[in-house]
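Work through the exercises below with the model open beside you. Try each task before you read its solution.

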Amino acid sequence: MAITPGMCNSFKAELLGMATHVSTDVFKFALFSSAATIGPTSTAYAVTNEVAATGGYTAGGFTLSGFTASLDGTVGILDFADVTVSSATITARGGMIYNSSKGNKAVAVFDFGADITSTNGTWSAPMPAPAAATAVLRVA
């Protein structure tokens, strides 16, 4: 099993060639255990090895808000608001942003580097600063 971080190859093609993903779509962030096998070759969200959690997380993940697309120099960047839930019991090793408005098409996969755990407390995955070197999604 392996979680390989990166922007999904299918999303790159859709973004550049077909204008599939737009700001009015519903983007979600699903959480996965260390047993998941997801990465840049993933084309769509699937429930296999999605975390089982209580207190604010349901199958399919969080609905993301704050979609902001901009440029930092010559790099296109995409940002969302931080993901936080209180009173949750969750253990997750990685996550996937996907577009639930467009057949659950995969956008990007993230490996947290270690399990992020909360036990009836606050679980969060803060989005990185929206800049060319750090944004959650970058197209150079």
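**Exercise 1. A charged residue without a partner**

In which strand is the place of Asp79? Then settle its burial, its charge partner and its contacts.

Solution. This is a predicted model.
- Step 1: place the residue. Asp79 is in strand β5, which covers residues 75-79.
- Step 2: check burial and pairing. Asp79 is buried, yet has no salt bridge.
- Step 3: find the nearest side chain of opposite charge. That is Arg138, 9.7 Å away. A salt bridge needs a nitrogen and a carboxyl oxygen within 4 Å.
- Step 4: list contacts, leaving aside neighbours within four places in sequence. Asp79 is in contact with Gly66, Phe67, Thr68, Met127, Pro128, Pro130 and Val136.

**Exercise 2. The sheet around β5**

What is the order of strands in the open sheet of three strands, and which strands stand at the edges?

Solution.
- Step 1: read the order. The sheet runs β4-β5-β8, with antiparallel pairing.
- Step 2: find the edges. β4 (68-72) and β8 (137-139) each have a single partner strand, so one side of each is left without a neighbour in the sheet.
- Step 3: take the twist. From one strand to the next, the twist averages 25°.
- Step 4: look at one pairing. Strands β5 and β8 run antiparallel and are joined by three bridges. Leu78 stands opposite Leu137 in β8.

**Exercise 3. The salt bridges**

How many salt bridges does the rule give? Locate each pair and grade its burial.

Solution.
- Step 1: count. There are two salt bridges.
- Step 2: take the Asp25 pair. Asp25 bridges to Lys102, with the closest N and O atoms 2.9 Å apart. Asp25 lies in the loop between α1 (9-18) and β2 (27-32), and Lys102 in the loop between β6 (83-99) and β7 (105-125), so the pair ties together parts 77 residues apart in sequence.
- Step 3: grade it. Asp25 has 13% relative accessibility and counts as buried. Lys102, at 27%, is partly exposed.
- Step 4: take the Arg93 pair. Arg93 bridges to Asp111, with the closest N and O atoms 2.7 Å apart. Arg93 is in strand β6 and Asp111 in strand β7, 18 residues apart.
- Step 5: grade it. Arg93 is partly exposed at 24% relative accessibility. Asp111 is partly exposed at 25%.

**Exercise 4. Met7**

Is Met7 buried or exposed? Trace what it meets across the sequence.

Solution.
- Step 1: place the residue. Met7 is found in strand β1 (residues 6-7).
- Step 2: apply the cut-off. Buried means under 20% relative accessible area. Met7 has 13%, so it is buried.
- Step 3: list contacts, again leaving aside neighbours within four places. Met7 is in contact with Lys12, Pro40, Val107, Ala108, Leu137, Arg138 and Val139.
- Step 4: take one long-range distance. Met7 and Val136 are 129 residues apart in sequence and 9.3 Å apart in space, C-alpha to C-alpha.

**Exercise 5. The whole chain**

What pattern does the chain follow along the sequence? Add its overall dimensions.

Solution.
- Step 1: count elements. The chain has one helix and eight strands.
- Step 2: order them. The pattern is β-α-β-β-β-β-β-β-β.
- Step 3: compare with a globule. For 140 residues, a compact globule would have a radius of gyration near 14 Å; the chain has 14 Å, which agrees.
- Step 4: take the box. The C-alpha atoms fill roughly 40 × 25 × 25 Å along the principal axes.
- Step 5: add burial. Of the 140 residues, 39% count as buried.
- Step 6: add contact range. Among contacts between residues at least 6 apart in sequence, 71% join residues at least 24 apart.

Definitions and conventions:
Residues are numbered from 1 along each chain as its sequence is written. This is a predicted model: local features need pLDDT of at least 70, side-chain atom pairs count only at pLDDT 80 or more; totals for chains, interfaces and linings use all residues. Side-chain values use heavy atoms; hydrogens and water are left out. Two strands pair if DSSP finds at least two bridges between them. Helices (H or I, at least four residues) and strands (E, at least two) are DSSP runs, numbered from the N terminus. Axes are lines fitted to C-alpha atoms, for helices over the stretch in contact, and angles run from 0 to 180 degrees between N-to-C directions. Buried means under 20% relative accessible area, exposed over 50%, partly exposed in between (1.4 Å probe, protein chains only). Lys and Arg count as positive and Asp and Glu as negative; His and the chain ends are not counted. Contact means heavy atoms within 4.5 Å. The radius of gyration is taken over C-alpha atoms; the globule rule is 2.2 Å times the number of residues to the power 0.38.
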